Amino acid sequence: MADKTGVLADTEELPKTIVRRLVKDTLSQCSKHGDVLVLKDSLMAFSVCCRIFIQYLSATANDALEEIEFPELVEPLKASLEEFKKKNSLKRSGPSTAKEPGKKRKVEDD
């Protein structure tokens with residue numbers, strides 16, 4: 001599913017506060033003035049780039065396991081990944097009828 005900017009929405013988002021802190025700290029070190037203002041769109045772009053880079057590293061690491069003669073680790077890692085995905089999908093598809101705090105429930109008379 002794509003959002004209004006055309007970027008695919010991914011369920012695996014990086015924590016925004018950590019991304020903001022890393023970007024501001026790194027750019028502050030590069031700046032002569034010290035403090036740097038980073039726009040919301042720029043933070044989102046950094047976050048997307050970081051997520052893509054992490055996915056690339058993960059894919060490359062999987063290939064490297066076979067190349068450096070550790071194929072016995074591939075199956076346990078794949079099993080762990082599937083278990084992780086299954087747990088996350090259960091969390092996302094949890095009970096949607098749960099009562100939200102602060103909202104009154106409408107009672108209908110028959």
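**Exercise 1. Leucine 27 and its contacts**

Task: In this predicted model, find which residues leucine 27 contacts, leaving aside its neighbours within four places in sequence.

Solution:
- Start with the location: leucine 27 lies in helix H1.
- With those sequence neighbours set aside, leucine 27 is in contact with Val36 and Val38.
- A backbone distance can be added. Leucine 27 and leucine 37 are 10 residues apart along the chain, and their C-alpha atoms are separated by 9.3 Å.
- Finally, classify the exposure. The relative accessible area of leucine 27 is 32%, so leucine 27 is partly exposed.

**Exercise 2. The nonpolar core**

Task: State which residues make up the largest nonpolar core, and trace the contacts of valine 23.

Solution:
- The largest nonpolar core has five residues: Val19, Val23, Val36, Val38 and Leu43.
- Valine 23 touches Val38, Leu43 and Phe46 when residues up to four places away in sequence are not counted.
- Val36 and Val38, listed in this core, are also the contacts found for leucine 27 in the first exercise.

**Exercise 3. Packing of H1 and H2**

Task: Determine how the axes of helix H1 and helix H2 cross, and which residues meet there.

Solution:
- Helix H1 covers residues 16-30 and helix H2 covers residues 40-67.
- Their axes come within 10 Å and cross at roughly 100°.
- Angles of 65 to 115 degrees count as roughly perpendicular, and H1 and H2 are therefore roughly perpendicular to each other.
- On the H1 side the residues are Val19, Arg20 and Val23, and they meet Leu43, Phe46 and Ser47 in H2.
- Sorted by class, this contact of H1 with H2 has four nonpolar, one polar and one charged residues.

**Exercise 4. Serine 47**

Task: Decide whether serine 47 is buried or exposed, and list what serine 47 contacts outside its neighbours within four places in sequence.

Solution:
- Serine 47 is part of helix H2.
- The relative accessibility of serine 47 is 12%. The cut-off for buried is under 20%, so serine 47 counts as buried.
- Leaving aside neighbours within four places in sequence, serine 47 is in contact with Leu14 and Val19.

**Exercise 5. Cysteines and disulfides**

Task: Count the disulfides in the structure and examine the sulfur of cysteine 50.

Solution:
- The count of disulfides is zero.
- For cysteine 50, the closest cysteine sulfur belongs to cysteine 49, at 7.0 Å. A disulfide needs sulfur atoms within 2.5 Å, so this distance is too far for a bond.
- Cysteine 50 has 35% relative accessibility and counts as partly exposed.
- Cysteine 30 has a relative accessible area of 66% and is exposed.

How values were computed: Residues are numbered from 1 along each chain as its sequence is written. This is a predicted model: local features need pLDDT of at least 70, side-chain atom pairs count only at pLDDT 80 or more; totals for chains, interfaces and linings use all residues. Side-chain values use heavy atoms; hydrogens and water are left out. Axes are lines fitted to C-alpha atoms, for helices over the stretch in contact, and angles run from 0 to 180 degrees between N-to-C directions. Helices (H or I, at least four residues) and strands (E, at least two) are DSSP runs, numbered from the N terminus. Angles under 35 degrees count as roughly parallel, over 145 as roughly antiparallel, 65 to 115 as roughly perpendicular and the rest as oblique. Contact means heavy atoms within 4.5 Å. Ala, Val, Leu, Ile, Met, Phe, Trp, Tyr, Cys and Pro count as nonpolar, Asp, Glu, Lys and Arg as charged, and the others, Gly among them, as polar. Buried means under 20% relative accessible area, exposed over 50%, partly exposed in between (1.4 Å probe, protein chains only). A nonpolar core is a set of buried Ala, Val, Leu, Ile, Met, Phe, Trp, Tyr and Cys residues joined through side-chain atoms within 4.5 Å.
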